[in-house]
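Visitor: I should like to understand how the terms used for this protein are justified. May we take them one at a time, with the reasoning shown?

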Amino acid sequence: MKTNLTASSACGFDDESSDTPEPARAYGSAGWTSGDRSVLLYDKYDIWEARPDGTDARMVTGGAGRKAPNRVPLRADRSRRADDSRRQPLLLSAVNDVTKATGYYA
C-alpha cells in the first residue's frame, strides 16, 4: 500500500532549484520517531512530522527557517536518532543561504 505523506501540507518537499531533466529530488528525511509513529521530513527551510497514514502533518520547527533573515534551512543533528519531537527538543544545525554563517537551534 502506498501513502502520500505530504499531500495535506501546504509546501513542497522537492528541491525546486534543481535544473535537470530528471524529476526533482526530495530534500530528505531526518528519520523516524520512536516506535515509528511518525517520520521527520525536510522542506526547503523547515522540518515536518508526518504519520505513516498521511494524516496530521505538522511543522515541527514552527517556521523558524523561513522566518530567519535570509532564510536558514534547518536540519536535524544526525549524531542522534530522531526522538519524539513532541517530548524532546531536536538539535538542529543551520547554514545561512546568503552569508554561509553556521549555527545551531534547539
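Guide: Two strands are said to pair if DSSP finds at least two bridges between them. The model is a predicted one.

Visitor: What makes β1 and β2 a pair of strands?

Guide: Pairing requires at least two bridges. Three bridges join β1 to strand β2 (residues 39–42), and the two run antiparallel; the criterion is therefore met. Among the bridge partners, glycine 31 goes with leucine 40 of β2, and serine 29 goes with leucine 41 of β2.

Visitor: How do you know that β2 also pairs with β3?

Guide: The requirement is again at least two bridges. β2 and strand β3 (residues 47–50) are joined by four bridges in the antiparallel sense, so these strands pair as well. Leucine 41 stands opposite tryptophan 48 in β3. A hairpin is formed by β2 and β3, with four residues between them.

Visitor: Why are β1 and β4 said to stand at the edges?

Guide: The open sheet has four strands in the order β1-β2-β3-β4, with antiparallel pairing. β1 (29–32) and β4 (58–59) each have a single partner strand, so one side of each is left without a neighbour in the sheet.

Visitor: What is the order of the strands in the open sheet of three strands?

Guide: The order is β5-β6-β7, with antiparallel pairing. Here β5 and β7 stand at the edges, because each has a single partner strand. Neighbouring strands of this sheet are turned against each other by 30° on average, direction ignored.

Visitor: What makes β6 a partner of both β5 and β7?

Guide: The threshold of at least two bridges applies to each pairing. Three bridges join β5 to β6, and four bridges join β6 (residues 92–95) to β7 (residues 102–105); both pairings are antiparallel, and both therefore qualify. Alanine 94 stands opposite leucine 74 and also opposite glycine 103 in β7.

Visitor: What makes the phi of lysine 100 worth remarking upon?

Guide: Most residues other than glycine have a negative phi. Lysine 100 is a residue other than glycine, yet its phi is positive, near 65°. Lysine 100 lies in the turn of the hairpin of β6 and β7, which has six residues between the strands. Aspartate 36 is a further case: its phi is positive, about 55°, although it is not a glycine. Aspartate 36 lies in the loop between β1 and β2. In the hairpin of these two strands, glycine 35 also takes a positive phi, near 75°.

Visitor: Why is lysine 100 called exposed, while aspartate 36 is called partly exposed?

Guide: A residue is exposed over 50% relative accessible area and buried under 20%, with partly exposed in between. Lysine 100 has 55% relative accessibility, so it counts as exposed. Aspartate 36 has 44%, which falls between the two limits, and it is therefore partly exposed.

Visitor: How do you know whether valine 39 is buried or exposed?

Guide: The limit for a buried residue is under 20%. Valine 39 has a relative accessibility of 4% and so counts as buried. This residue belongs to strand β2, both faces of which are covered: Val39 and Leu41 are buried on one side, Leu40 and Tyr42 on the other. Beyond its neighbours within four places in sequence, valine 39 is in contact with residues including Leu5, Trp32, Trp48 and Ala50. Valine 39 and alanine 50 are 11 residues apart in sequence, with 5.4 Å from C-alpha to C-alpha.

Visitor: What makes up the largest nonpolar core?

Guide: A nonpolar core is a set of buried residues of listed types, joined through side-chain atoms within 4.5 Å. The largest has 10 residues in all: Tyr27, Ala30, Leu40, Tyr42, Ile47, Leu74, Ala76, Leu90, Leu92 and Ala94. At least two of its residues come from each of β2, β5 (74–76) and β6. A second, separate core of six residues includes Cys11, Val39, Leu41 and Trp48. In soluble globular proteins, nonpolar side chains tend to be buried together.

Definitions and conventions
Residues are numbered from 1 along each chain as its sequence is written. This is a predicted model: local features need pLDDT of at least 70, side-chain atom pairs count only at pLDDT 80 or more; totals for chains, interfaces and linings use all residues. Side-chain values use heavy atoms; hydrogens and water are left out. Buried means under 20% relative accessible area, exposed over 50%, partly exposed in between (1.4 Å probe, protein chains only). Contact means heavy atoms within 4.5 Å. Axes are lines fitted to C-alpha atoms, for helices over the stretch in contact, and angles run from 0 to 180 degrees between N-to-C directions.
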